[in-house]
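Me: Here is a structure I want to go through with you. I will ask what stands behind each label, and I would like the value set against the cut-off.

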Amino acid sequence: MDDETDAGAYEVVIDQDICMAAGYCYRSHPQLFSEGEYGIAELIGGVPPGSTGPGPVALDAGEQLANAQEASRVCPSGAITVLPRSG
């Protein structure tokens, strides 16, 4: 596998300052996102494991990455970003 498809090669972050609490992410992908205070999206799987927050959270290749990319595309505020993992 190359770096583009290796598990953990990507990460997802949420800019909670611009999240408008539309809820598309946590209703469509509850395995990655949860509803925080005032409906602001949070990521599941932060550090320590199982904690929530803005991220970043490493993504497994495959379905998890595809779900994060879909959430990023449909987020009306553009608060969700999927990036190649640095380092």
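Reply: Helices and strands here are DSSP runs, at least four residues for a helix and at least two for a strand, numbered from the N terminus. On that basis the elements run β-α-β-β-β-β-α-β from the N terminus on. The model is a predicted one.

Me: How many helices and strands does that make?

Reply: The protein has 2 helices and 6 strands.

Me: Why is strand 1 called largely enclosed?

Reply: A residue is buried when its relative accessible area is under 20%. In strand 1, residues 10–14, 4 of the 5 residues are buried, so the strand is largely enclosed by the rest of the structure. For the protein as a whole, 32% of the 87 residues count as buried.

Me: What makes strand 1 and strand 5 a pair?

Reply: Two strands pair if DSSP finds at least two bridges between them. Strand 1 and strand 5 (residues 57–59) have 3 bridges, in the antiparallel sense, so they count as a pair. One of the bridge partners is A58 in strand 5, which faces E11.

Me: Which sense does the pairing of strand 1 with strand 6 have, parallel or antiparallel?

Reply: Antiparallel, over 5 bridges, with strand 6 spanning residues 80–84. Here V12 has V82 of strand 6 as its bridge partner.

Me: Why is L43 called buried?

Reply: The cut-off is under 20%. L43 has a relative accessible area of 1%, so it is buried. The residue sits in strand 3, residues 41–44. Its C-alpha lies 4.6 Å from that of F33, and the two are 10 residues apart in sequence.

Me: Why does N67 get the label buried?

Reply: N67 has a relative accessible area of 12%, and that is under 20%, so N67 is buried. N67 belongs to helix 2. Leaving aside neighbours within four places in sequence, its contacts are H29, Q31 and L32.

Me: What makes Y38 exposed and A21 partly exposed?

Reply: Exposed means over 50%, and partly exposed is the range between that and the buried cut-off of 20%. Y38 has a relative accessible area of 73%, so it is exposed. A21 has 27%, so it is partly exposed. Y38 is in the loop between strand 2 (33–35) and strand 3, and A21 is in the loop between strand 1 and helix 1.

Me: What is notable about phi of A21 and of Y38?

Reply: Phi of A21 is near 60°, a positive value in a residue other than glycine. Phi of Y38 is near 65°, again positive in a residue other than glycine.

Me: How do you know that there is empty space inside?

Reply: Rolling a probe the size of a water molecule over the atoms shows where empty space is left. A cavity is a set of points where the probe fits but cannot get out. The structure holds 2 cavities of 30 Å³ or more, and the largest has a volume of about 90 Å³. Of the 16 residues lining the largest cavity, C19, A22, G23, C25 and C75 are the closest to its centre.

Me: Which elements give two or more residues to that lining?

Reply: Helix 1 (24–28) and helix 2 (63–74) do. Helix 1 has the largest share, 3 residues.

Me: What kinds of residue make up the lining of the largest cavity?

Reply: The lining of the largest cavity has 14 nonpolar residues, 2 polar and no charged. Cys and Ala count as nonpolar, and Gly as polar.

Terms used:
Residues are numbered from 1 along each chain as its sequence is written. This is a predicted model: local features need pLDDT of at least 70, side-chain atom pairs count only at pLDDT 80 or more; totals for chains, interfaces and linings use all residues. Side-chain values use heavy atoms; hydrogens and water are left out. Buried means under 20% relative accessible area, exposed over 50%, partly exposed in between (1.4 Å probe, protein chains only). On a 1 Å grid over the protein atoms alone, a cavity is a set of points where a 1.4 Å probe fits but cannot get out, and a pocket is an open set with protein on both sides within 12 Å along at least five of seven lines; lining residues have an atom within 4 Å of a point. Grid points are joined across faces, edges and corners, and a volume is the space filled by probe spheres set on the points. Contact means heavy atoms within 4.5 Å.
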